[in-house]
Amino acid sequence: MTGPHIWKYEEIRPLIMQAGELALMANEKTIVHRYTAFSATFIIEGAGFATINGRRVPMKRGDVVLTPSWNWHNQDSVAKEPLIWLDMVDVSTLKHLPAGFVEFYKDQQSYPADPVEAENSPLVFPWADMKAKLDADQRDWVSVPYLRKSCREGATSPPVRETASAVYHVIEGSGYSVIDGQEVQWSRGDTFCIPAWHRYCHFASVGAPVYLVRSDDKPMLNALGFYRNEHMDAEALVEEW
C-alpha cells in the first residue's frame, strides 16, 4: 500500500457482480474450504448464512463475521437480492511467510451445518448491536476498538499519523478524509485505504451520522513492537538491556 486510494461502490459493484467471487445470488453458496489466514467478513448487501466449523449462523447487512484460522467455512444466500461482502484477510502477511495453506472439503454435500443464533455465537457481531453502542455515546467521534468507528454529523475525527495501515468501509453517511493533504470524498458503500505514516483526518457531512468499519494491522505491529504514532515519545521505544 503506497498511497491512499478509494474504490467507489457505484463503480465496482458491477464488476463484483460480473466476477461473482464476492457476491452470491439467491440460493447460491460458496464451496466449503479452509485456509491458514484469519478473516473478518463485513456484509455490504443482502442476507444469508455463514457456516463456520459446522455451525451455521445468520448474517445480514452491516454484520461482521469472524472466521478463525483453519476453520472449515462457506457462505450461502437466502435473500432475493445479491449477498455482497467485503473480506478483510491477513493473507498479504502470509505471502511473505512459508505458512499459507488452503484445503477444500472432500464431500461438499455432507458438510455439517448446525444452526446457531447470532447472539449465541462469539464470531458474529450484529450491526444492530454495534450501532446501539455507538449511538449511546454522545461524543462527536466515537470508536469501539477494532470493529467500528463512527462520528456525528458535521464532526471531525482527531488527526492521526501512525505506522499502521488501514482500510475503511463506509456503512452509512458521507464525508471526506484528508490524507497527507489529499482530499478523498466518500459515501455509503465506498471503501478507501490509508497507508502507514500518512497523516489523516475524517470529516462527516452535515445531515446524518457517519458509520465506518476499519480493518488495520495495528494488533500485529503491537505484538512485534513496531507500532508508533507521531504523538508518542520516541525515547519510550528504546529497549532496555
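Is Cys-193 buried or exposed? In this predicted model, Cys-193 turns out to be buried, at a relative accessible area of 4%; buried here means under 20% relative accessible area, exposed over 50%, and partly exposed in between, with a 1.4 Å probe and protein chains only. Residues are numbered from 1 along each chain as its sequence is written, and side-chain values use heavy atoms, with hydrogens and water left out. Because the model is predicted, local features need pLDDT of at least 70 and side-chain atom pairs count only at pLDDT 80 or more, while totals for chains, interfaces and linings use all residues.

Cys-201 is buried as well, with a relative accessible area of 12%. The closest cysteine sulfur to that of Cys-193 sits in Cys-201, but at 17 Å it is too far for a bond. With a disulfide taken as a pair of cysteine sulfur atoms within 2.5 Å, the count comes to 0.

On to the domains. The assignment for the protein chain gives domain 1 (12–125) and domain 2 (129–231), with bounds that come from an automatic or database domain assignment. Their C-alpha centres lie 24 Å apart. Where the two meet, 11 residues from domain 1 and 11 residues from domain 2 make the contact, meaning heavy atoms within 4.5 Å.

The largest nonpolar core (buried Ala, Val, Leu, Ile, Met, Phe, Trp, Tyr and Cys residues joined through side-chain atoms within 4.5 Å) has 18 residues, and Phe-42, Ile-44, Ile-84, Trp-127, Leu-134 and Ile-171 have the most contacts inside it. At least two core residues come from each of helix H1 (9–19), strands E4 (39–45), E7 (64–67), E9 (83–89) and E20 (210–216), and helix H3 (127–136). Helices (H or I, at least four residues) and strands (E, at least two) are DSSP runs numbered from the N terminus. Both domain 1 and domain 2 put at least three residues into this core. Another core, of 15 residues, lies apart from it and includes Trp-141, Cys-151, Ile-194 and Val-210.

As for the sheet, 5 strands make an open, antiparallel one in the order E2-E9-E4-E7-E12, where pairing requires at least two DSSP bridges between two strands. Strands E2 (23–24) and E12 (124–125) are at the edges with a single partner strand each, so one side of each has no neighbour in the sheet. E4 and E9 run antiparallel over 6 bridges, with Ser-39 opposite Val-89 in E9. H1 packs on the sheet, touching E2, E4 and E9, and its direction makes about 100 degrees with that of E9; axes are lines fitted to C-alpha atoms, for helices over the stretch in contact, and angles run from 0 to 180 degrees between N-to-C directions.
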